Amino acid sequence: MGGDQAGERDGGPRGGGDPVAADDLPDGVVVADRAGRVTVFNRMAARLSGVPAGAALGRDFRDVLPLHDADGRDWWKSTDPYGGLRIRTRQPERSLFLADGREVLMAARYVRAEPLGDVDRLVVTLRDASHRARGERSRADLVSTVAHELRSPLTSVKGFTATLLAKWDRLTDKQKIFMLETVNADADRVTRLITELLSVSRIESGRLEIRRQLVDLPDLARRLVAGRVAAGEAQDRYRLEVHGPLPDMWLDADKIEQIMANLVENAVRHGAGTVTIVIEPYEGGAAVSVRDEGKGIAPEAVPRVFRRFWRTRRRGGTGLGLFIVKGLIEAHGGAITVGRAPSGGAEFRFTVPAGTPDFA
Ligand SMILES: Nc1ncnc2c1ncn2[C@@H]1O[C@H](COP(=O)(O)OP(=O)(O)O)[C@@H](O)[C@H]1O
Ligand SMILES: [Mg+2]
């Protein structure tokens, strides 16, 4: 709030700048006079409380704006702004609840004409707390999920290294190799998780940089498949369809490769049968679909697949892949959807605009 007396001198000169109308303020503002009658009830206060300003003005603030704390106590009764200690001039911001149970952040000033005098004006500000609460909850969830994700591989690393150290002479080579392979895989898993978390953090803070260059999408898909075949997969597991000539596509080659690799990996790991990649022109840019012939995604899971840590199997993936894929596509100005492939299975389809060279 700009000054102590907001609301009372609406339209009057204030600090030399343009006058601020109470209705323009982003927070709810309620002012009551020395008798507790409401004299200002701005638009946001009306929105938050559900009481129209016309119905609030002139009435007792306690009737217009009932508030209670988390234990259900009537806030005005327990703090008694007009009758309480005369040294009090303010209430620091705290979370309280409206009559309908919605949470608001409320702060108040008790304006006294002279120190220790009567309260001349009560000025209350209200902020919607639902956003904040949601943000904090999801941050807390993220921390606990990450902690859990890191702990399970580390528990296994610790268990196997401790066993190897304590019983080295009594273990067969086969047992030792099994343990070391597990430790090795778990270390990879932790590294992958941390790399993915860094991507997530870049996506969420909007720090993702797109370095555009000319990208040949069909060629990129071909090389991706060739790499998987070289690593031992059957060539006939993959099909590539390219329809029509594509425009020049200015994309971040590494990120597009990461997107396609993730979708193909998912099709192989979570899907089944032939994996078909379809590349076609779309609204001046391109569309890429990755289809498989597995069970597909259950309709009720569709809104969740792109969320952080959402996955159906505990072992293996981190559940961050599709969240990152979506973030990378959106950073290119594109979009991704999931549906059912013509031959059953899942179809992930993304579209990206052609883009322009970075220094054009
Ligand atoms: N092609 C697919 N077929 C069936 N389910 C899939 C497919 N792709 C993704 N999913 C589901 O979506 C979940 C999230 O995918 P993703 O974010 O890549 O995480 P991860 O692969 O690490 O499990 C997977 O765990 C899987 O349940
Ligand atoms: Mg994945």
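These questions and answers look at how some labels for this predicted model are reached.

This is a predicted model, in which local features need pLDDT of at least 70, side-chain atom pairs count only at pLDDT 80 or more, and totals for chains, interfaces and linings use all residues. Residues are numbered from 1 along each chain as its sequence is written, chains are lettered from A and ligands numbered from 1 in the order in which they are written, and side-chain values use heavy atoms, with hydrogens and water left out.

Q: Why is Y82 called partly exposed?
A: Buried means under 20% relative accessible area, exposed means over 50%, and partly exposed is in between (1.4 Å probe, protein chains only). Y82 has 23% relative accessibility, so it counts as partly exposed.

Q: Where is Y82 placed?
A: Y82 is in the loop between helix 4 (75-79) and strand 3 (90-97). Helices (H or I, at least four residues) and strands (E, at least two) are DSSP runs, numbered from the N terminus.

Q: Is D80 buried, exposed or partly exposed, and why?
A: The relative accessibility of D80 is 31%, so D80 counts as partly exposed. D80 also lies in the loop between helix 4 and strand 3.

Q: Why is E283 called exposed?
A: E283 has a relative accessible area of 69%, and therefore it is exposed. You can find E283 in the loop between strand 9 (275-282) and strand 10 (285-291).

Q: What makes the phi of D80 worth pointing out?
A: Most residues other than glycine have a negative phi. D80 is not a glycine, yet its phi is positive, about 45 degrees. E283, also not a glycine, has a positive phi of about 45 degrees too.

Q: How do you know that N266 makes a polar contact with ligand 1?
A: A polar contact with the ligand is a pair of N or O atoms within 3.5 Å (within protein, one must be able to donate a hydrogen and the other to accept it, and residues adjacent in sequence count only if both atoms are side-chain atoms). A polar side-chain atom of N266 lies 2.8 Å from an oxygen atom of ligand 1. For L322, a backbone N or O atom lies 2.8 Å from an oxygen atom of the ligand, and for G321 such a backbone atom lies 3.4 Å from one.

Q: Which helix supplies the largest share of the shell around ligand 1?
A: Helix 8 does, with three residues.
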